[in-house]
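Thank you all for coming; I would like to spend a few minutes walking through one structure with you. Please have the sequence and the model open while I talk.

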Amino acid sequence: FFRAFRWCNCKLCISISRVKSPVPPPFHHTSLTSPSLRFPFFVGSAMSCRHEHCSHGGHGHGHGEENRPEDEKDAARDSLFSVIDLPKVRALNEHQPEACQRVFKPWHERLDTTRFVRSDADEELLIFVPFTEVVKLRAITVIGGDGHQAPSKMRVFTNREDVDFDMAHATAAVQEWELAEDSLQGRLEYPTKYSKFTSVCSVTLHFPANFGAPTTTIFYIGLKGETTSLTTRQVVLNTVYESAPNPKDHKLPDDLLGGSVQSPK
């Protein structure tokens with residue numbers, strides 16, 4: 001796992017590399033070298049202040065650096081919030097109708113705990129999210145509730161409006177992630193297998209479990225990526241074309257293809 005990260009040029013990483021310590025550098029200083037890894041990565045400088053306190057022993061800078069304007073801009077970059085069709089977002093097993101729409105917010109409102117969705121009968125949640133444009137989905141962020149109410153797993157389906165709990169359990173998801181209980185205030189992102197998320201009209205997010213609570217609570221879901229020039233119609237046609245059977249894959253006997261059949265003598 002640790003070999004999947006690169007060292008950077010910060011003071012802490014340099015000092016660690018000199019003593020050849022087995023301890024990896026802080027996550028916020030690293031970059032993934034393998035796109036297939038399912039581990040999350042950090043954005044912003046939330047970890048920076050913590051590690052500098054550890055290495056320099058409580059120096060005199062203020063904690064305002066943790067939320068510097070440039071970090072906030074970087075974290076909010078590529079947000080797909082503006083192209084989510086909010087009135088059409090819906091969920092199964094939510095505690096209140098349309099509560100799921102409240103967890104999709106601008107980045108600077110992500111810590112607002114007055115707007116949330118909670119599961120009802122058990123810990124499962126299923127949320128359908130349509131877009132107003134075709135998008136390329138690059139990463140997902142989830143801020144869950146305290147007291148073990150945060151979701152522990154996330155499964156995603158794309159371009160399907162018919163997914164219910166039975167289908168979700170019986171069908172392979174496009175991608176799955178094991179989630180961390182602490183989202184680090186939303187700075188923990190879960191990257192997608194990008195090639196599978198380049199023509200997305202909608203996503204269905206399945207949260208099948210949490211960390212042990214009777215119900216699951218979610219305060220924020222952030223989707224990152226970019227819009228494309230494709231239309232929904234083009235995506236539908238491409239999907240139909242790709243799923244259509246290829247005659248070359250189904251060879252038929254000559255007599256069914258109009259060939260001559262000799263009568264037995």
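Let me begin with a question: is Tyr220 buried or exposed? Please keep in mind, while you look, that this is a predicted model. Tyr220 has a relative accessible area of 5%, and because the cut-off for buried is under 20%, Tyr220 counts as buried.

Now to the partner of Tyr220, which is Trp107: the two form an edge-to-face aromatic pair, with 6.4 Å from centre to centre and 75° between the planes. Trp107 belongs to the loop between β2 (90-92) and β3 (117-118), whereas Tyr220 belongs to strand β9, so that the pair links distant parts of the chain, 113 residues apart. Trp107 is buried as well, at 7% relative accessibility.

The ring of Trp107 also has charged company. Arg110 lies over the face of Trp107, at 3.8 Å from the ring centre, and the charged end of Lys224 sits over the ring of Trp107 too, 6.0 Å from its centre.

How many aromatic pairs are there by this rule? The count comes to two, and the other pair is Phe116 with Phe219, again edge-to-face, at 6.0 Å centre to centre and with 70° between the planes. Because Phe116 lies in the loop between β2 and β3 and Phe219 in strand β9, this pair ties together parts that are 103 residues apart in sequence. Both Phe116 and Phe219 are buried.

Let me turn to the nonpolar core. The largest one holds 32 residues, and the members that touch the most others are Ile140, Phe207, Ile221 and Leu223. At least two residues of this core come from each of the strands β4 (125-144), β5 (153-158), β7 (188-191), β8 (200-207) and β9 (217-227), and β4 gives the most, with eight residues. If we set aside residues up to four places away in sequence, the contacts of Ile140 include Met154, Val156, Trp177, Leu188, Tyr190, Leu205, Ile221 and Leu223, and also Glu189 and Gly222.

Finally, a residue in another setting: Lys196 is found in the loop between β7 and β8, and at 47% relative accessibility it counts as partly exposed. The C-alpha atom of Lys196 is separated by 7.4 Å from that of Val174, although the two residues are 22 apart along the chain.

Terms used. Residues are numbered from 1 along each chain as its sequence is written. This is a predicted model: local features need pLDDT of at least 70, side-chain atom pairs count only at pLDDT 80 or more; totals for chains, interfaces and linings use all residues. Side-chain values use heavy atoms; hydrogens and water are left out. A nonpolar core is a set of buried Ala, Val, Leu, Ile, Met, Phe, Trp, Tyr and Cys residues joined through side-chain atoms within 4.5 Å. Buried means under 20% relative accessible area, exposed over 50%, partly exposed in between (1.4 Å probe, protein chains only). Helices (H or I, at least four residues) and strands (E, at least two) are DSSP runs, numbered from the N terminus. Contact means heavy atoms within 4.5 Å. Rings of Phe, Tyr and Trp (its six-membered ring) pair if their centres lie within 6.5 Å; planes under 30 degrees apart count as stacked, over 60 as edge-to-face and the rest as tilted. A charge sits over a ring if NZ of Lys or CZ of Arg is within 6 Å of the ring centre and within 35 degrees of the ring normal.
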